[in-house]
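Here's a protein model to explore, one piece at a time. Have the structure open beside you and look for each part as it comes up.

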Amino acid sequence: MGIIALNNSMDRKISVIYGKNIPEMTRQLLANMETAGRIGRKDADIVIKPNLVTLSDPADGATTHTEIVEEIIRYLQENGFRRITVAEGSWVGASTEECFRHLGYYRLRDIYGIRLVDTKKDQFRKITSHGIAMEISETFLDADFFINIPVLKGHCQTMMTHAMKNLKGCLSDKSKRDFHRLGLDRPIAALNAILHPDLTISDSICGDLDFEEGGNPVETDRMVAASDPVLIDAYAASLMGYAPEDIGYIKEAIELGIAESLDWEIEELSKPVFSEAKPAGAVKRLAAYTQPDEACSACYASLIRALKRLDDEGKIKTIGNAKIAIGQGYRGKTPEIGVGACCSKALVSVPGCPVSAEAVLSMLRNLS
């Protein structure tokens with residue numbers, strides 16, 4: 001692990017896959033990222049970090065799907081790797097052990113013989129990075145290969161939480177509190193100057209639209225992988241409808257020299273899955289502005305996220321009574337406003353398959 005240097009195609013590559021079969025999607029991403037070959041030594045200490053921020057089911061959009069972690073363990077063991085640890089520390093006030101129990105991690109430990117670490121009870125080393133002192137779990141500092149599995153979701157303070165912010169689970173509770181006291185963005189960037197996951201596999205299947213603790217999931221049926229956490233966060237920001245510089249800790253990472261470039265190369269391993277959009281929770285209010293017909297989850301999620309951004313800006317009423325068409329059912333039709341390649345004949349349209357939240361937001365802003 002070390003400072004990020006974007007000096008080869010693997011550093012710039014972002015692999016994207018869509019589907020319903022989470023274990024198979026995970027397996028394809030691991031193979032595409034040449035994971036076994038990159039680890040090398042069979043006796044390497046491999047540490048896997050999911051996002052178990054609080055006691056919440058993955059379907060609520062807050063925590064990593066356990067199937068992803070299990071498939072990574074299976075893949076590693078099939079390739080001869082045996083020194084595997086799953087480590088996490090839930091947020092201050094939550095019990096990591098309860099999360100392990102509720103989400104089936106003790107079952108994984110018993111079936112596969114892995115090591116399970118609650119970082120709240122780990123040994124820590126005090127390290128200062130860019131003037132910020134922090135206590136970091138020795139389990140992560142001593143890892144030979146570090147796999148980060150964040151959930152792509154919104155956050156009430158940083159707007160987005162993903163790969164870089166997921167590393168807060170590697171800290172002591174004291175340092176987590178310090179990070180909040182110092183404003184999160186600079187400390188998160190400073191932490192990422194010390195810890196550099198070798199592989200990030202993003203659980204972007206149904207992340208919450210607003211909150212780290214879940215409750216407003218937005219289904220995308222998508223997973224993403226990359227070796228550079230800053231780069232994958234910049235790409236994730238675009239999926240949420242943000243420019244990379246809108247996210248404070250990405251901007252800080254660039255200013256601190258942790259990333260040299262945000263020039264990614266997308267490799268799609270499959271196309272979006274077409275399935276009925278199912279808005280839930282607070283998302284239902286935003287769904288009132290849409291008219292889906294055989295809409296794909298990935299495109300629909302981009303539309304909802306763009307509407308959420310417009311709502312945050314206080315401009316949602318500029319849409320008026322218009323309904324935004326989206327989905328395969330509009331192929332060949334001419335709705336007034338449409339989103340995605342299937343609505344290319346709309347009077348006002350945004351291309352893409354899937355369409356990006358950034359592009360949709362730009363179109364919605366121009367409607368006012």
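## A strand in the middle of things

Let's begin with a pair of residues: Ser-204 has Arg-222 as its bridge partner in β11. Keep in mind that you're looking at a predicted model. Those two residues belong to a neighbouring pair of strands, because β10 and β11 (residues 222–226) are joined by 5 bridges and run antiparallel. On another partner, β7 (residues 145–149), the direction changes: β7 runs parallel to β10 (residues 199–204), with 2 bridges between them. In that pairing, Ile-147 sits opposite Leu-199, and Asn-148 has Thr-200 as its bridge partner.

Is β10 mostly buried or exposed? Buried: this is true of 6 of its 6 residues, so the rest of the structure largely encloses the strand. In a regular strand, side chains alternate between the two faces of the sheet. Here both faces of β10 are covered, with Leu-199, Ile-201 and Asp-203 buried on one side and Thr-200, Ser-202 and Ser-204 buried on the other.

## Two open sheets

Strands in a sheet pair through backbone hydrogen bonds, and they can do so parallel or antiparallel. Now zoom out from β10 to its whole sheet. It's an open sheet of 8 strands, ordered β4-β3-β2-β7-β10-β11-β1-β12, with mixed pairing. At its edges you'll find β4 (115–118) and β12 (265–268), each of which pairs on one side only. On average, neighbouring strands in this sheet are turned by 20° against each other, ignoring direction.

There's another open sheet to find, with 4 strands in the order β13-β14-β15-β16 and parallel pairing. Its edge strands are β13 (290–292) and β16 (348–350); each has a single partner strand, so one side of each lacks a neighbour in the sheet. Here the average turn between neighbouring strands is 25°, again ignoring direction. Between β15 (residues 337–339) and β16 there are 3 bridges, and the two strands run parallel. Look for Ile-337 opposite Val-348 in β16.

## A hairpin

Next up are β5 (residues 124–129) and β6 (residues 132–137), which run antiparallel and are joined by 6 bridges. Phe-124 stands opposite Ser-137 in β6. The hairpin has 2 residues between its strands, and His-130 has a positive phi near 50° there.

## Nonpolar cores

Which helix gives the most to the largest nonpolar core? First, meet the core itself: it has 77 residues, and those with the most contacts inside it are Met-134, Met-160, Ile-304, Leu-307, Ile-319 and Leu-364. The helix that gives the most is α14 (residues 297–312), with 9 residues.

Try clicking on Leu-307. Leaving aside residues up to four places away in sequence, Leu-307 touches Leu-286, Tyr-289, Thr-290, Ile-316, Ile-319, Ile-324 and Leu-364. Apart from this core lies another one, of 38 residues, including Leu-30, Ala-44, Val-69 and Leu-116.

## Two helices that cross

Two packed helices are described by the angle and the distance between their axes. Take α11 (residues 229–239) and α12 (residues 248–255): their axes come within 10 Å and cross at roughly 140°. The crossing is left-handed.

On the α11 side, the contact involves Val-230, Asp-233, Ala-234 and Ala-237, while α12 brings Tyr-249, Ile-250 and Ala-253. Sorted by class, that makes 6 nonpolar residues, no polar ones and 1 charged.

## Unusual backbone spots

Most residues other than glycine have a negative phi, and most peptide bonds are trans. Glu-34 isn't a glycine, yet its phi is positive, at about 55°. You'll find Glu-34 in the loop between α2 (22–32) and α3 (35–39), where it is partly exposed, with a relative accessible area of 48%. Leu-184 also isn't a glycine and has a positive phi, of about 70°. Leu-184 lies in the loop between α9 (173–182) and α10 (185–192), and it counts as buried at 1% relative accessibility.

Where's the cis peptide bond? It runs from Cys-353 to Pro-354, with omega near 0°. Pro-354 is in the loop between β16 and α15 (357–367).

Methods: Residues numbered from 1 in each chain as written. Predicted model: local features only at pLDDT ≥ 70, side-chain atom pairs only at ≥ 80, totals over all residues. Heavy atoms only, no water. Axes fitted to C-alpha atoms, helices over the stretch in contact; angles between N-to-C directions. Core = buried A, V, L, I, M, F, W, Y, C linked by side-chain atoms within 4.5 Å. Buried < 20%, exposed > 50% of the residue type's maximum accessible area, 1.4 Å probe, protein only. Contact = heavy atoms within 4.5 Å. Left-handed = near helix turned anticlockwise from the far one by under 90°. Nonpolar A, V, L, I, M, F, W, Y, C, P; charged D, E, K, R; others polar.
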